[in-house]
Amino acid sequence: MDNKPLNTVNIAFHTLKRKPFRTTGLILLVALFAFTLFGGTVLSQSMENGMDNLSKRMGADILAVPYGYEADIQSALLRGEPSTFYFDADTTEKVESVEGVEAVSPQLYIATLSAGCCSYPLQLIGFDPKTDFIIRPWMSGSLEHSLADGEIVIGSNISAKVGQKLKFFDQTYLVAARLDKTGMGFDNSVFMNLTTAKQVVWNSERIQAHPVAENDNLISSVIIKIKSGYTGKDVANNILQAYAKEGVHVVVAKNMISDISGSLRGLTTYILILAGVLLVLAVGVLIIVFSVTLNGRKREFSIFRVLGATRSKLVKLILCESCLISIFGTAAGITAAALVVFPFSTYISTLLGLPYLQPSPGVLFLMAALSFLISFATGPIASAYAAVQIGSSEIYTTMKEGE
Amino acid sequence: MLLEIKGLSKEYQRRGKAFWAVNSVDLSIGQGDFVNIIGCLGSGKSTLLNMAAGLLMPTSGSIRLNGTELYALKDKDISELRNTRLGYIPQGLGTLSTLTVFDNVRLPCFLSRRQGDASGRASFLLDEVGISSLADMLPSQLSGGELRRVLIARALMNEPDILIADEPTSDLDIETTREIMELFARINQNGTTILIVTHELDTLEFGNRVLTMASGQLTEGSHLGSL
């Protein structure tokens with residue numbers, strides 16, 4: 001015999017435990033609501049963060065690429081999708097001489113099919129550490145020396161530590177630094193100086209032919225910073241007028257960001273509308289389900305009243321049950337959302353094809369707490385009306401209705 | 001008088017017309033009485049009983065328990081009265097299916113926040129009604145007669161002034177009915193007043209007073225012929 005004193009919580013707990021099917025159904029419903037709320041919020045906030053970060057720290061104003069490869073550079077920058085396109089290295093000097101250009105730096109894009117660190121193809125980017133102005137600002141910690149031959153810098157999603165060695169085409173390279181989380185394709189890329197990049201290309205020749213191995217004088221893009229007083233559009237026009245005939249094309253960073261921003265706005269609006277509709281539906285379904293479940297238990301509740309439970313005591317008992325359901329459901333839903341959104345953030349960002357940067361742990365904690373509060377409140381709110389209605393009905397009538 | 005009912009009526013609407021389930025009933029029950037109210041189905045006896053138990057608001061009339069006017073009380077006070085001074089046994093299933101027999105019996109004590117040894121009293125009552133070995137079982141594992149004993153033990157938990165039972169043997173076999181009625185008789189001998197409504201004539205021998213309910217009206221005595 002269990003001699004523990006009876007109280008509201010353990011009566012509610014016994015009721016839930018001994019009706020496992022009903023309880024599990026209600027918990028799953030609340031869990032679905034919490035999952036959508038927390039998962040949706042983290043997703044849309046991460047996309048907004050990614051966009052903010054991209055526009056704040058892009059670094060380059062214009063990118064010069066071979067004609068026809070404008071979309072490829074965007075894929076490489078945003079998603080780290082391995083891309084290969086080349087033009088003559090002397091494009092760097094040509095572009096530097098255009099009016100309105102303040103600084104230029106060449107980049108060489110090499111795609112690997114596989115690498116020891118990763119289960120997916122990687123983008124290797126050769127850059128010139130002396131003239132670079134976009135890679136260095138993302139480096140976490142300090143790289144005391146200029147990036148030496150055989151050394152690499154890795155994006156934040158690459159699973160290796162500084163000091164470790166990574167192998168590409170049977171050659172090992174020392175990880176000298178790691179980039180901060182950028183929310184862009186840089187997170188999945190590996191950087192090295194141009195000499196090392198060409199070394200990688202020559203090693204790859206054993207497996208497949210590569211244009212850079214045959215022509216040492218190739219690069220993939222030139223990143224351009226413009227002088228103050230000039231607009232990106234003006235300088236881009238100047239470059240096109242001078243070198244479009246030679247197959248040089250340009251991507252203006254601001255235009256690219258506003259294009260992404262536009263599609264992101266569309267996507268986040270879509271997600272918000274979808275989440276809003278889901279939330280309204282979930283609350284509606286919860287109210288109906290709680291109401292139907294409680295109305296099916298009228299006789300049980302009238303017995304409490306017969307035995308001397310006041311209206312408020314009965315409402316407390318019902319709310320205590322729905323609070324327990326809400327707590328378990330909310331905890332399960334938020335945990336499930338965390339297990340999907342956090343470990344698979346790289347996959348999600350690749351899938352979305354948009355800049356994706358998760359908020360800081362503090363912000364995530366706040367979002368989880370807020371989602372918990374909102375989701376937790378749904379159960380008691382959904383059952384409050386039915387509870388008050390049952391509590392205020394005439395006991396004998398309720399008892400007969402429940403038969 | 002322990003229970004005093006005067007001019008008690010209950011009106012329902014049926015297809016827009018007034019229907020008097022209980023019509024100007026007077027009844028006085030003294031301490032230690034064992035009263036049986038007999039009547040056909042639909043005669044109004046359960047309606048009368050539930051009004052007397054504080055579960056159904058009358059249309060008019062007065063019900064006093066130990067001088068307290070029941071329906072003048074606020075919800076908190078009438079709930080307390082139901083909990084401490086009235087022991088009610090509902091018709092049919094009246095246990096909570098998710099609580100064990102032991103917890104079902106202890107429940108009134110939790111609702112009153114009464115001080116004292118609730119578990120000890122529940123064990124004593126289960127022993128008294130002969131089902132102490134079933135304490136840890138759930139109501140779904142019990143027979144009809146055993147369930148009725150649980151309800152009786154629960155109704156006695158807070159030592160009420162009066163035990164009110166609505167058709168307590170309606171779905172039991174002859175032997176179990178007799179056992180339950182003997183249990184009521186023993187409880188009454190210990191000083192608890194009992195009011196039962198029934199439509200079974202066999203049970204009338206256990207009371208010291210019989211009243212007949214017909215068409216919402218109550219008369220003294222067992223008018224077997226009219227039934």
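The following conversation examines how several terms are applied to a predicted model with chains A and B.

Colleague: Why does B:R64 count as partly exposed?

Modeller: B:R64 has 16 C-beta neighbours inside 10 Å. A buried residue needs 20 or more, and an exposed one has 12 or fewer. The value of 16 lies in between, so B:R64 is called partly exposed.

Colleague: Where is B:R64 found, and with which residues is B:R64 in contact?

Modeller: B:R64 belongs to strand β4 of chain B, residues 60–65. Leaving aside neighbours within four places in sequence, B:R64 is in contact with B:E4 and B:E69. A contact requires C-beta atoms within 7 Å, so each of these two pairs meets that limit.

Colleague: How far apart are B:R64 and B:G207 in sequence and in space?

Modeller: They are 143 residues apart in sequence, and 22 Å apart in space from C-alpha to C-alpha.

Colleague: What makes β1 and β2 of chain B a pair of strands?

Modeller: Nine bridges join β1, residues 3–14, to β2 of chain B, and the two run antiparallel. At least two bridges are needed for pairing, so these nine satisfy the criterion. Within this arrangement, B:K10 stands opposite B:V22 in β2 of chain B.

Colleague: In what order do the strands of the open sheet in chain B lie?

Modeller: The order of the four strands is β2-β1-β4-β5, with antiparallel pairing.

Colleague: Why are β2 and β5 of chain B called edge strands?

Modeller: Each of them pairs on one side only: β2 covers residues 17–29, and β5 covers 68–69. In general, strands of a sheet pair through backbone hydrogen bonds, either parallel or antiparallel.

Colleague: Which residues have the most contacts inside the largest nonpolar core?

Modeller: They are A:V30, B:A52, B:V105 and B:I164, in a core of 112 residues. Helix α2 of chain A, residues 20–57, gives the most to this core, with 14 residues. Beyond four places in sequence, A:V30 touches several residues, including A:L286, A:I325 and A:T378. A second, separate core has 57 residues, among them A:F87 and A:V153.

Colleague: What is the general background to such cores?

Modeller: In soluble globular proteins, nonpolar side chains tend to be buried together.

Colleague: Which residues of α9 in chain A are buried, and against what do they pack?

Modeller: The buried residues are A:F301, A:S302, A:I303, A:F304, A:R305 and A:V306. The buried residues of α9 in chain A pack against α10, α12 and α13 of chain A, together with α2 and β6 of chain B. After α9 of chain A comes A:G308, whose phi is positive, near 110°.

Colleague: How many residues are in contact between chain A and chain B?

Modeller: There are 22 residues of chain A in contact with 28 of chain B. On the side of chain A that touches chain B, the elements giving two or more residues are α1, α9, α10 and α13 of chain A. The residues of that side comprise nine nonpolar, six polar and seven charged.

Colleague: How is chain B divided into domains, and how do you know that the domains touch?

Modeller: The domain assignment gives domain 1 as 1–85 + 161–227 and domain 2 as 95–159. Their C-alpha centres are 23 Å apart. Nevertheless, 12 residues of domain 1 of chain B are in contact with 11 residues of domain 2 of chain B. Helix α6 of chain B gives the most to the domain 1 side, with five residues.

How values were computed
Residues numbered from 1 in each chain as written. Chains lettered and ligands numbered in written order. Predicted model: local features only at pLDDT ≥ 70, side-chain atom pairs only at ≥ 80, totals over all residues. Core = buried A, V, L, I, M, F, W, Y, C linked by C-beta atoms within 7 Å. Nonpolar A, V, L, I, M, F, W, Y, C, P; charged D, E, K, R; others polar. Domains from an automatic or database assignment.
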